Every structure is written in structure tokens, then in C-alpha cells.
Amino acid sequence: MYRKTFYAAMIASTMLASSIASAASLTIGSSTEPSSIDPQFSRTGNNQNVAMQIFDRLLETDTTIGIHPALAVSWENTDPLTWQVKLREGVKFHDGSPLTAEDVIFSLTRAKDIPNSPAPFSGNVAAIDSMKAIDDLTVEFKTKKPAPDFIEQVGFVYIVSKKVAETATIEDFNSGKAAIGTGAYKFKSWTPGDNLTLTRNDDFWGKSQDFDTVTIKFISNDASRVAALRSGAVDLIDSVPPGDVKTLSSISDLKVFSIPSARLIYLALDSARDESPFVTDKDGKPLAKNPLKDKNVRIALSELINRQLIVDRILDGSGEPAGQLVPAGVAGNDPTIAAPAFAPDDAKKRLADAGYADGFGITLHTSNDRFPGDSETAQALGQMFARGGLTVNGVVAQPYNVYTKGASAQEFSAFIFSLGNSTPTSATGLRNLLMTYNKEAGTGSFNRVRYSDPAFDEMMQAAMGEFDSDKRIELLQKATAHAFQDMPVIPLFWQKVHWAGKATLSYDANMTEDTSATLAKLAK
């Protein structure tokens with residue numbers, strides 16, 4: 001028997017309101033910039049932070065990842081394979097055209113096949129078998145098989161205008177020609193490497209925004225970003241370095257906004273290929289046999305890492321050592337799984353048992369502007385691995401826009417990446433990160449190392465098909481325990497994230513780490 005689920009409309013109490021009495025502008029100093037304005041090009045945070053200001057989704061999340069209606073006001077599972085979604089009345093795109101069911105159908109069709117996407121939305125729409133418009137504001141979905149979390153999957157895909165996007169190129173989005181959404185702000189201009197400018201959408205369906213104009217300045221250097229805030233060049237910054245939190249908090253005309261996040265920082269290992277491009281012998285010559293394919297080697301590398309030391313020394317305490325995908329408080333976390341202990345002696349024994357008593361050579365890759373301490377964390381890992389007997393041939397740090405392309409193209413052997421869990425359970429993250437890569441099935445969308453375990457896939461399929469929420473969570477916990485015994489990626493830590501701004505502002509610190517003008521207000 002299926003469980004019928006229905007979420008009644010939770011219409012925002014404050015709808016379209018008059019403009020604020022006096023014009024206000026907001027300048028944000030952002031650590032990263034988007035690779036495209038197309039909201040469906042990439043699920044990475046740098047792109048989504050911009051997308052959420054110009055475009056909308058069927059659902060939105062609150063600061064602790066609770067889901068709420070956005071463009072959809074209600075959804076009903078009428079039988080195991082059928083869902084009906086009701087859209088909000090009166091929503092208009094920035095060009096004045098109304099949002100209809102056809103726009104939703106077009107957007108969810110388009111999302112599965114965006115060329116060259118480094119982090120596609122294909123997994124979000126993989127369960128869809130068919131879609132049809134019952135009327136202008138009702139979409140009926142048929143799923144390929146029962147999908148209890150279906151609304152969470154499709155609900156986080158950005159909706160574009162069919163009329164505008166049907167023939168648009170990525171260049172049309174980037175120029176602003178096709179950047180026509182239903183969001184709180186309208187696209188004005190983008191100068192890559194410099195800034196993005198937005199203007200308030202006075203016809204927005206949701207709550208009124210406090211700012212006429214928003215300018216997002218891209219300042220990847222931490223010190224420069226903090227200096228820009230202190231000098232008054234910007235009003236708000238994200239990715240506040242943990243070491244600057246105390247100082248900024250002590251300044252009377254500034255505020256710091258903080259929250260523990262659900263973003264996992266992990267070390268990805270090229271465990272699928274027989275040969276790996278940056279694995280060598282002790283003399284730097286390529287190895288014919290990839291040691292990262294060996295479970296014992298992966299566990300040994302994990303045991304060489306002192307996670308607490310990284311959190312204390314590099315993050316100034318702004319993190320929590322991790323041993324699985326999601327932290328406590330997110331459904332699917334297995335409380336029996338602790339962060340792996342720092343055990344260098346056991347690690348050396350495992351390496352010896354695997355035939356690498358003298359170690360091997362490895363190069364670590366990382367971004368240098370994605371999250372606070374990313375390049376410093378890579379340097380620390382290199383030192384820990386070297387102490388454990390490995391030869392660290394190099395630590396390569398690159399700007400995120402360059403780095404993410406290389407990681408997605410499988411150019412690296414061991415690289416630091418992150419996954420921000422933006423849904424109420426671990427299901428989406430597990431499906432995208434660890435299930436076998438299958439574009440048609442929508443699994444493994446972020447599985448950049450092409451890890452594959454058929455037993456884990458079966459466990460996840462069972463969890464994703466379970467309508468009883470308690471049973472589904474139990475199945476997710478079992479799948480998590482099974483996966484991390486194999487160490488498909490090495491969990492490092494969950495971040496605590498910080499924003500800082502002028503005391504004249506308030507900001508909604510959020511577990512999904514969104515940096516958006518929609519979360520900023522004039523302080524009252």
C-alpha cells in the first residue's frame with residue numbers, strides 16, 4: 001500500500017508589497033562567481049547562489065533545510081506512480097508573461113540534458129516517466145517507479161520560461177538575454193571576474209525586498225574580502241575565514257552571522273581506474289597498478305588524517321570531524337558511525353599488507369577559493385600523508401571555476417571537494433555522490449571518481465522506493481553504514497559557515513550556505 005502524502009498550501013503571509021520608502025542598495029563581496037547564469041547549468045553553490053536570486057523553484061528551504069512551497073503551493077501523491085502539483089497563481093516572469101504548467105514541464109525536460117554541465121540536475125528529474133498539464137496551473141507527473149521523495153527531487157530544479165529558453169544558448173543566459181526568471185531580482189549585467197548587478201523585481205510574487213539594486217563583487221581572496229567589508233567597499237561578505245570571526249565580531253559597526261552547515265568536505269579518490277594519472281612509485285614514475293582501488297589503502301589514508309587537528313588549527317574550531325555524508329540532525333545520519341580515528345600505526349600496517357610498505361607517490365588537487373581553508377587543508381593532508389610514508393609529489397591549488405572542470409573530467413587522482421546537503425534527508429546526496437554513475441537513471445551525477453558498488457546501489461534503490469518515512473530513514477542509515485565501510489570517499493569535516501555585514505543589515509545564516517540578497521534585510 002502506498003502512503004498518500006499531501007502538503008497543503010503554505011502561502012506566504014506577505015505577498016507582493018509596495019516598494020520601500022527610500023531606495024537602498026546592497027553590495028555583496030562573494031568568494032566565488034558563477035560559471036554561467038543559466039540556472040540549470042550546474043548545481044554547484046557558486047552557480048546556485050546567483051540562480052536563486054533571479055529564478056525560482058517549486059520548493060524553497062528555510063535556514064535549517066525544512067522545505068516550503070514556492071512556485072508550487074501543494075502536491076499530492078494520488079497513487080504510487082502519480083503526483084499532482086498545483087502552481088501558485090499570479091506568478092509572472094520578468095518579461096511579464098505568466099508562469100504556467102508548460103514552463104514547468106519544459107524546465108524539467110530541459111534539466112536532464114544540459115551540455116557540458118559539471119554538476120547536472122539529471123538526478124533530480126530521473127524518476128519522471130511522463131508529464132502533462134491538467135490545466136494552466138496543474139502538472140500531473142507519472143514516475144517510472146514509486147518515488148516517495150519525488151517532490152524533493154523535482155522541487156529543487158530552477159524553472160525557466162519556455163518562451164525564452166527554448167531556443168536560448170548559454171551565451172544568451174550569460175548576456176542577460178535569456179536570464180528571465182520569476183525571482184525577487186532581475187538580471188542587469190555581468191562582468192565575469194568583476195561583478196554581477198541585479199535590480200529589484202517589483203512584481204515578485206513573494207515578500208518585498210529591501211534593496212533597489214544589488215551588486216555582487218567577486219573577491220576570491222579571503223583577506224581582500226574581509227578588507228573590503230572593513231573599509232565599507234562592500235556591505236556583506238560570505239565565506240568569512242574562521243580566524244577572522246572573533247575580530248569582526250568585536251567591531252561595533254559590523255555583525256557576524258553563523259550556523260553549522262550540512263556541507264561535507266571530503267577527499268575523493270580515483271578508485272575505479274586501473275591506472276591513475278597522479279599516482280606514481282617512490283621515484284615519481286607512473287604505477288601500472290592503481291593502489292587507490294584497494295579498500296585497505298583508502299582506509300589507511302583515512303587513518304593518516306588527524307581531522308580534529310585540521311578543525312582546530314585551520315578552521316579555528318569552525319567545523320566538526322566527519323565520518324559519513326550528513327551530520328546529526330539530517331535524516332539518514334547514522335549515529336553509530338563516528339569520525340575515523342587518527343591511527344597512523346594501523347595505517348602503516350594496512351599499507352604494508354596491501355603491498356605498499358614503502359608507500360607510493362601521489363599529488364593532491366584542491367580549489368583555493370571554494371571554502372575557507374580549502375588549500376590549507378590540502379597542504380595539511382599532504383604533510384600527514386608524507387609522515388605516513390607516502391611521497392607527496394605536489395599539492396596543486398586552482399581557482400574553483402577551473403578546478404571543478406578538471407575534477408568532473410576525471411583529471412585527478414586525489415582531490416578535495418565538497419557536497420552541500422540541501423534536502424531534508426541524505427537520499428539525494430547519497431544518490432548523486434556514491435551511486436554508480438548512470439546518466440539515464442540519474443544516479444552518480446557528482447560521482448567524479450566513478451565509484452561503483454552494486455550492493456550499495458540495491459540498498460539505495462530500496463530506500464528510495466520506501467514510502468514509510470521511518471523505514472526509509474532506517475534504510476538510508478544501513479546504506480550509509482555499508483558504503484563508508486568501503487571508504488569510497490574520505491570524509492573530512494562538516495563546516496560551520498559565517499557571513500559578516502554592516503550592523504545596519506540582518507542576514508539569515510543558513511545550513512545550505514546560500515549567499516543571496518533575498519536573505520538580507522535592513523536591520524530594524
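Contact here means that heavy atoms lie within 4.5 Å of one another, and in that sense Gln 153, once its neighbours within four places in sequence are left aside, is in contact with Gly 123, Asn 124, Ala 127, Ala 147 and Arg 431. The model in which these contacts are found is a predicted one. Gln 153 lies in helix α4, and because its relative accessible area is 6%, Gln 153 is buried.

The same helix can be followed back to Phe 150, since α4 covers residues 150-154 and Phe 150 has its place there. Phe 150 has a relative accessibility of 0% and therefore counts as buried, the cut-off for that word being under 20%. Apart from residues within four places in sequence, Phe 150 is in contact with Trp 83, Ala 127, Ile 128, Phe 141 and Thr 143. Ala 127 thus appears among the contacts of Phe 150 and also among those of Gln 153. A reader who wishes to relate this helix to another part of the chain may turn to Asp 203, which is 53 residues from Phe 150 along the chain, with 30 Å between the two C-alpha atoms.

From Gln 153 the path leads on to helix α15, by way of partners that recur. Met 464 is found in helix α15, and with a relative accessibility of 10% Met 464 counts as buried. Not counting residues up to four places away in sequence, Met 464 touches Pro 146, Ala 147, Pro 148, Arg 431 and Met 435, and of these partners Ala 147 and Arg 431 are also contacts of Gln 153. Along the sequence Met 464 is 223 residues from Pro 241, and the distance between them, C-alpha to C-alpha, is 37 Å.

Helix α15, which covers residues 454-464, is also packed against a partner of its own, helix α16 (residues 469-485), and the axes of the two come within 8 Å and cross at roughly 165 degrees. Angles over 145 degrees count as roughly antiparallel, so α15 and α16 are roughly antiparallel to each other. Their crossing is left-handed. On the side of α15 the contact is made by Ala 455, Phe 456, Met 459, Met 460, Ala 462 and Ala 463, while α16 contributes Arg 472, Leu 475, Leu 476, Lys 478, Ala 479, His 482 and Ala 483. Sorted by class, the residues of this contact are 10 nonpolar, 1 polar and 2 charged.

Another pair of helices can be read in a similar way. Helix α9 (residues 295-303) and helix α11 (residues 344-353) have axes that come within 8 Å and cross at roughly 160 degrees, and they are therefore roughly antiparallel to each other. The crossing of α9 and α11 is left-handed. Here Asn 296, Val 297, Ile 299, Ala 300 and Glu 303 of α9 meet Pro 344, Asp 346, Ala 347, Arg 350 and Leu 351 of α11, a contact whose classes are 6 nonpolar, 1 polar and 3 charged residues.

Beyond single helices, the interior can be described through its nonpolar cores. The largest nonpolar core has 109 residues, and Ile 37, Leu 196 and Val 214 are the ones that touch the most other members. Strand β15 (residues 254-269) gives this core its largest share, 6 residues. There is also a second, separate core of 34 residues, which includes Ile 265, Val 297, Ala 354 and Ala 378; Val 297 is one of the α9 residues that meet α11. To return to the largest core, Val 214 is in contact, its neighbours within four places in sequence aside, with Leu 26, Ile 28, Gln 53, Tyr 185, Leu 196, Thr 197, Leu 198 and Ala 517.

Some residues in loops complete the tour. Ser 208 has its place in the loop between β12 (195-200) and β13 (213-218), and with a relative accessible area of 28% Ser 208 is partly exposed.

Most residues other than glycine have a negative phi, and against that background two further loop residues can be noted. Asp 316, in the loop between α10 (307-313) and β17 (319-321), has a positive phi, near 50 degrees, and at 41% relative accessibility Asp 316 counts as partly exposed. Arg 450, in the loop between α14 (427-433) and α15, has a positive phi of about 60 degrees although it is not a glycine, and Arg 450 is partly exposed, with a relative accessible area of 27%.

Notes:
Residues numbered from 1 in each chain as written. Predicted model: local features only at pLDDT ≥ 70, side-chain atom pairs only at ≥ 80, totals over all residues. Heavy atoms only, no water. Helix = DSSP H or I, 4+ residues; strand = E, 2+ residues; numbered from the N terminus. Buried < 20%, exposed > 50% of the residue type's maximum accessible area, 1.4 Å probe, protein only. Core = buried A, V, L, I, M, F, W, Y, C linked by side-chain atoms within 4.5 Å. Axes fitted to C-alpha atoms, helices over the stretch in contact; angles between N-to-C directions. Parallel < 35°, antiparallel > 145°, perpendicular 65-115°, else oblique. Left-handed = near helix turned anticlockwise from the far one by under 90°. Nonpolar A, V, L, I, M, F, W, Y, C, P; charged D, E, K, R; others polar.
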